[in-house]
Amino acid sequence: MKRVISVVAAIIENENGEWLIAKRPQHKTRGGYWEFPGGKIEAGEEAQTALKREISEELGIRISIIAKLTNQLHHYPDISIELSSYLCKAGSEAPHPHEHTAIEWVNLNNIQRYQLSAADNGIIEALKERAKQY
Ligand SMILES: Nc1nc2c([nH]c(=O)n2[C@@H]2O[C@H](COP(=O)(O)OP(=O)(O)OP(=O)(O)O)[C@@H](O)[C@H]2O)c(=O)[nH]1
Ligand SMILES: [Mg+2]
């Protein structure tokens with residue numbers, strides 16, 4: 001059986017209720033696809049520490065983690081991932097794409113226009129469910 005890689009992703013909300021998505025560089029796996037910023041948990045690292053580290057590396061900002069949103073196993077041809085997503089808030093610092101080719105703030109109406117990584121469908125469904133509750 002393939003080893004499962006633990007991945008954390010941040011669903012960062014701004015004051016307009018939009019979320020930050022980032023485009024993967026072409027040379028990486030799933031190149032050109034959009035995703036929620038984040039990455040692999042390192043050995044011995046706590047999930048939330050990993051998330052804050054990844055967001056600092058990838059976007060140059062600090063975040064506060066509000067709540068866990070999803071936890072799902074997904075099998076790609078190259079790897080299997082356990083993807084955990086967290087609802088987060090950013091402060092006043094502006095994010096910059098240090099490891100992605102672009103970033104965008106999106107809402108539930110326009111997120112469909114972006115080709116997201118397959119594992120992210122569960123996150124979108126959870127965001128839609130959450131939107132119904134408010
Ligand atoms: N960050 C992130 N990764 C995702 C998402 N959805 C998804 O399938 N993945 C996959 O999870 C895996 C690990 O994420 P990553 O490439 O961001 O890992 P990383 O930042 O540690 O990158 P590195 O390995 O180049 O150092 C990749 O195969 C990526 O395609 C998502 O929404 N966010
Ligand atoms: Mg990453």
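These are my notes on the metal site, the ligand 1 site and the nonpolar cores of a predicted model.

**Magnesium ion**

I looked up what holds ligand 2, the magnesium ion, and found Gly38 (O) and Glu58 (OE) coordinating it at 2.1 to 2.2 Å. I then placed the two residues along the chain: glycine 38 belongs to strand 4 (residues 38-40) and glutamate 58 to helix 1 (residues 47-59). They are 20 residues apart, and the pair links distant parts of the chain. I checked burial as well, and both glycine 38 and glutamate 58 are buried.

**Ligand 1**

I listed the surroundings of ligand 1 and got 19 residues, of which Arg30, Phe36, Lys40, Tyr76 and Asp120 come nearest. Next I went through polar side-chain atoms. Tyrosine 76 has a side-chain N or O atom 2.5 Å from an oxygen atom of ligand 1. For arginine 30, a polar side-chain atom sits 2.7 Å from a ligand 1 oxygen. Glutamate 35 places a polar side-chain atom 3.3 Å from a nitrogen atom of the ligand. Ligand 1 taken alone exposes 630 Å², and the protein buries 85% of that.

**Nonpolar cores**

I took the largest nonpolar core, which has 22 residues; Ile11, Ile21, Phe36 and Leu127 have the most contacts inside it. Strand 1 (4-13), strand 2 (19-23), strand 6 (80-90) and helix 2 (121-132) each supply at least two of its residues. Apart from this core I noted another, of 13 residues, including Ile12, Leu51, Ile63 and Ile65.

I also followed isoleucine 21: leaving aside neighbours within four places in sequence, its contacts include Trp34, Phe36, Ile103, Val106, Tyr114 and Leu116. Phe36 thus appears in my entry for the core and among the residues that come nearest to ligand 1.

Notes: Residues are numbered from 1 along each chain as its sequence is written. Chains are lettered from A and ligands numbered from 1 in the order in which they are written. This is a predicted model: local features need pLDDT of at least 70, side-chain atom pairs count only at pLDDT 80 or more; totals for chains, interfaces and linings use all residues. Side-chain values use heavy atoms; hydrogens and water are left out. Donors are N, O and S atoms within 2.8 Å of the metal (3.2 Å for Na, K and Ca); water is not among the atoms, so sites may look incomplete. Helices (H or I, at least four residues) and strands (E, at least two) are DSSP runs, numbered from the N terminus. Buried means under 20% relative accessible area, exposed over 50%, partly exposed in between (1.4 Å probe, protein chains only). A nonpolar core is a set of buried Ala, Val, Leu, Ile, Met, Phe, Trp, Tyr and Cys residues joined through side-chain atoms within 4.5 Å. Contact means heavy atoms within 4.5 Å. A residue is near a molecule or strand if one of its heavy atoms lies within 4 Å of it. A polar contact is a pair of N or O atoms within 3.5 Å; within protein, one must be able to donate a hydrogen and the other to accept it, and residues adjacent in sequence count only if both atoms are side-chain atoms. Accessible areas come from the Shrake-Rupley method with a 1.4 Å probe; for residues, only the protein chains shown count as cover.
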